[in-house]
Amino acid sequence: FHQTRTLSILCRQPLFNLSRSLTNPRLLPSFTFTPSLRFCSLDLSSLSLNHRVLQLKNERTGAHVYVVGTVHISEKSAEEVEQVIDLVKPDAIMVELDENRYKRFEASINEQEDIKHHRLQIFQKDNPFRVFARSVLHTLFKALYDGLKREGFAIGKEFEVAIKKSNENQTKLVLGDRHITQTLNGLVSAFSISEAFAGYKYLVTNFGRVQKLSSVTSIQRMIEHVLERENVREHTDLLRQAFPSMVQVMVDERDVYLIDALQNKCESSRVIVGVVGLGHLDGIEKYWNSLEARRQELNIDLNESHDD
């Protein structure tokens, strides 16, 4: 992906430096599309150097795919998503959301009410231990995001931008993530006392790495830190060594769902933009051309039903 690639789309602008446009929206070109002339040459090589945007191609359909890696509490991520969508004019936008989380953004309902409603559904189904464990995980995630909101951070603004752009441009919107209930079930099943103790021991043994990665002194600096793909990779690697089963559920398995959505749920589209957490870029890039083998390796049923 460090090679120069050219996306063919119709435009009436000269080739330009995309890295400048990403920092200055006024430099973004305007495109003119006609039914009979859809493609011409636009150099997007500088985009891959950003490291937060993957340029991929679906060899089966010929679709050009641009996957934007984001930090869910970063204003900069939201701006980059908007700029990339405006630039490439996609036929489809895939977001790292499931039906539940999409409805929150789409309907702009109060999150606390939504969490309570979902908890009620959880308590009505499944065995007591899984019900309790999922409820605890919901509470922990909610406490984290509520704390960030109190600090003035907008959660998931890049998804709001993507949904808004999809509505404005009448672009197909694809929900690419696994349902939250399945992910929480996976976390509950993956948890074990032995792995928890082994993970704790690993973190203590590797305290130097932990201290290095946790030395950021403010939330704003933390956001800047995790906007770098290499830093996210290092964080994920540390967690993978400590808690491999948890990371498999939270990252690896969801990578498969996201790749499947980009490749198989946008089949009629020629230009696709994906919006995913930055931690998913490595997996999407690595397994883009070996989806089925990876699915079988992780024993994932992409058609698995879930409890709403």
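Contact here means heavy atoms within 4.5 Å. The model shown is predicted.

**View 1. Val67 and its contacts in the largest nonpolar core.** Leaving aside residues up to four places away in sequence, Val67 touches nine named partners listed here: Arg52, Val53, Leu54, Leu56, Leu262, Gly274, Val276, Leu281 and Ile284. The core has 32 residues, and Val67 and Ile284 touch the most other members. Several elements each supply at least two of its residues: strands β3 (53-57), β4 (64-70), β5 (92-95) and β7 (271-277), and helices α11 (219-226), α13 (244-264) and α14 (281-287). Helix α13 gives the largest share, 6 residues. In soluble globular proteins, nonpolar side chains tend to be buried together.

**View 2. Another nonpolar core.** Apart from the largest core lies another, of 19 residues. Val68, Ala78, Val161 and Ala162 are among its members.

**View 3. The aromatic pair of Phe105 and Phe159.** The structure holds 1 aromatic pair. Phe105 and Phe159 form it, with an edge-to-face geometry. The ring centres are 6.0 Å apart, and the planes meet at 65°. Planes over 60 degrees apart count as edge-to-face, so the 65° pair falls in that class. Phe105 sits in helix α4 (residues 99-107) and Phe159 in helix α7 (residues 157-169), so the pair ties together parts 54 residues apart in sequence. The two residues are enclosed to differing degrees: Phe105 is partly exposed, at 22% relative accessible area, whereas Phe159 is buried, at 4%.

**View 4. Packing of helix α9 against helix α12.** Helix α9 (residues 193-205) packs on helix α12 (residues 229-242) at an angle of about 130°. Their axes are 8 Å apart. This angle makes α9 oblique to α12. From α9 come Glu195, Gly199, Tyr202 and Leu203. They meet Leu238, Gln241 and Ala242 of α12. By type, the contact residues divide into 4 nonpolar, 2 polar and 1 charged.

**View 5. Helix α8, enclosed by the rest of the structure.** Helix α8 spans residues 180-190, and 10 of its 11 residues are buried, so the helix is largely enclosed by the rest of the structure. The buried residues are Ile180, Thr181, Gln182, Thr183, Leu184, Asn185, Gly186, Leu187, Val188 and Ala190.

**View 6. Gln220 and Ile73, distant in sequence.** Gln220 lies in helix α11. Its relative accessibility is 44%, so Gln220 counts as partly exposed. In sequence, Gln220 and Ile73 are 147 residues apart. In space, their C-alpha atoms are 9.7 Å apart.

**View 7. Lys89, a loop residue with positive phi.** Lys89 is found in the loop between α3 (75-88) and β5. Its phi is positive, at about 50°, although Lys89 is not a glycine. Lys89 is partly exposed, with 32% relative accessible area.

**View 8. Gln170, another residue with positive phi.** Gln170 belongs to the loop between α7 and β6 (172-175). Phi of Gln170 is near 55°, again a positive value in a residue other than glycine. With a relative accessibility of 75%, Gln170 counts as exposed.

Terms used. Residues numbered from 1 in each chain as written. Predicted model: local features only at pLDDT ≥ 70, side-chain atom pairs only at ≥ 80, totals over all residues. Heavy atoms only, no water. Axes fitted to C-alpha atoms, helices over the stretch in contact; angles between N-to-C directions. Helix = DSSP H or I, 4+ residues; strand = E, 2+ residues; numbered from the N terminus. Parallel < 35°, antiparallel > 145°, perpendicular 65-115°, else oblique. Nonpolar A, V, L, I, M, F, W, Y, C, P; charged D, E, K, R; others polar. Phe/Tyr/Trp six-rings, centres within 6.5 Å; stacked < 30°, edge-to-face > 60°. Buried < 20%, exposed > 50% of the residue type's maximum accessible area, 1.4 Å probe, protein only. Core = buried A, V, L, I, M, F, W, Y, C linked by side-chain atoms within 4.5 Å.
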